[in-house]
Amino acid sequence: MSDRLLAIRLAPLLLLLLLAVAWLAPSVGWLRLASSNTTEADRMTQALDALPPRSTVVVGFDPDLGTYAEIRPTVRALLADLLYRQASLAIVSVTPEGRALALAELDRLQRGTVNARRILDLGFVPGAEAALVRLTRAGLPIEADGALAGVLATDGLAGAQAIVVVGGNDLGPRAWVEQVLPRVPGLPLLAVAPTILLPELRPYLATGQVDALLGTPRDGAAYRATLDVERLDRFLEPREPSRTGVAVGLVVAIGVLLAALVRRGGRSDAARTPPGPRTEAA
Amino acid sequence: MRRATIPALVVVAGLLLLVDYLVVNASLGELAGIVVDAAILVSAGAALAAVAALAVRRAGDLWRRRGDPVGAVLVLAGMAAVLLAGLRPGASGASDPAVLWILNALLVPLGASLFGLLFVSTLLAFQRSISARSREAIVMALAAVAILVLLLPVGGTAGGWLDGAAAWALAVPIGGVFRGLLLGIAILGAVVAARTMLGIGAGDE
């Protein structure tokens, strides 16, 4: 095996080692994850401040495994914030991946000894958009007991004071805006979504159909930076994403792409170079 | 016959939901509810059928010794483990601790790891495409480098400038192209729907 081939084979392993070291290393002071523009984070805080006390919030939990790591710290912070504000959460998923991740988060909340009366698992409703339409109708088939279950069983989503959508590639806030808001008008819709959904969500944010959106890691970090949930910090991500790790990952990616472009440029120049005297003589 | 039945179903269900959306009428609402429930049942049935088809396909692969035997065994073992954990006597279904353990300790970390590996595989794919002198790959790589630079988590004045530039890039060029694509897809969807409703097929052109 040539040295070059060996280096290529070892490169992914070395990259993982480098990222692991960067992740464990202390963060450098001049690195910052949070956006300097706190408009979106402030908008989310204002939307939460506007909720009535002890409000019922329906959480549409449909992230996907591929992008959940990007939004997970913000999702956990938002759930902790809602619980800190004495809100009751009814969690529902309409995609299988969303349901799997919802179960994992519900299990985490229970392990953190959340007040069980303030969490209602509405489970998985198959059918994606059709399921969202079904949720808007009165008489939801809820098996659980309690005041929270009673309100939603009688009035459907109209019994809630707000909707929080945790979006993913399969189903995001757009489907809720299109299918739910026209049928249950007046409900504020707050959302956390991966950056990939941002282009399709910005118009809804501009029109006010989405009241607040944390759609980039920077906006999420800005929101988390202002958060104070006191004893409920056990529901937050144990550790903020490593700024050094993120920076090293980005620099490696930029370096690899630039190296490939430079190599390609060098080969093109060589191909365009006319044959010299030595070649002619040969 | 098949050609007439499917458009008819689409037209009737679609119009019913549309009229229910526009007209407040209890009977109409009930009827629309039945259609929505039917759609949910069909969707659930389709999901179950897809899972069953996957299991049959993988079992067939093993039986006939074709394809990837290790993958087939893993798929079938995974399905069996979740079914056993959730449906065994005394289990509490999807919220059973054994199912939650499979989700928390296996599915979520494995899924996240696989998607994390996209970082490496995407970079390698870019390298190969650039080496193959693909112009599209070069344009994509240049755009990726520009966006990655804008996303560097730097603080201070430089960070504020990068932050503003990243927000502009997302809102204007990327957002514009993305929304243009979405509009195109929506127009295409409307045209296909209109053709279906009017019963126009490829043979009519």
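These are my notes on confidence, the contact between chains A and B, and the nonpolar cores.

**Confidence.** I am working with a predicted model. I looked up the complex scores: the predictor gives an ipTM of 0.77 and a pTM of 0.85. I then turned to chain B. Its mean pLDDT is 86, and 97% of its residues reach 70 or more. I went through the elements of chain B as well. Helix α1 (residues 2-22) of chain B has the lowest mean pLDDT, 77. Helix α3 (residues 69-87) of chain B has the highest, 92.

**Contact between the chains.** I checked how many residues each chain gives. Chain A brings 42 residues and chain B brings 48. On the side of chain A that touches chain B, I listed the elements that give two or more residues: α1 (3-24), α3 (65-84), α4 (96-111), α5 (129-136), α8 (198-207) and α10 (243-272) of chain A. I note that α10(A) supplies the largest share of that side, twelve residues. I also sorted the residues of this side by type: 28 are nonpolar, five polar and nine charged.

**Nonpolar cores.** I found 82 residues in the largest nonpolar core. The members that touch the most others are V57(A), V59(A), A90(A), I163(A), V164(A), W176(A) and L189(A). Helix α3(A) gives this core its largest share, ten residues. I picked L189(A) for a closer look. Leaving out residues up to four places away in sequence, I see L189(A) touch I163(A), V165(A), P173(A), W176(A), V177(A), L181(A), Q209(A), V210(A) and D211(A). Apart from the largest core I noted another, of nine residues. Its members include V252(A) from chain A, and L123(B), I130(B) and A141(B) from chain B.

Definitions and conventions
Residues are numbered from 1 along each chain as its sequence is written. Chains are lettered from A and ligands numbered from 1 in the order in which they are written. This is a predicted model: local features need pLDDT of at least 70, side-chain atom pairs count only at pLDDT 80 or more; totals for chains, interfaces and linings use all residues. pLDDT is the predictor's confidence in each residue, from 0 to 100. Helices (H or I, at least four residues) and strands (E, at least two) are DSSP runs, numbered from the N terminus. Two residues are in contact if their C-beta atoms, placed from the backbone, lie within 7 Å. Ala, Val, Leu, Ile, Met, Phe, Trp, Tyr, Cys and Pro count as nonpolar, Asp, Glu, Lys and Arg as charged, and the others, Gly among them, as polar. A nonpolar core is a set of buried Ala, Val, Leu, Ile, Met, Phe, Trp, Tyr and Cys residues joined through C-beta atoms within 7 Å. A residue is buried if 20 or more other C-beta atoms lie within 10 Å of its own, exposed if 12 or fewer, and partly exposed in between; C-beta atoms are placed from the backbone.
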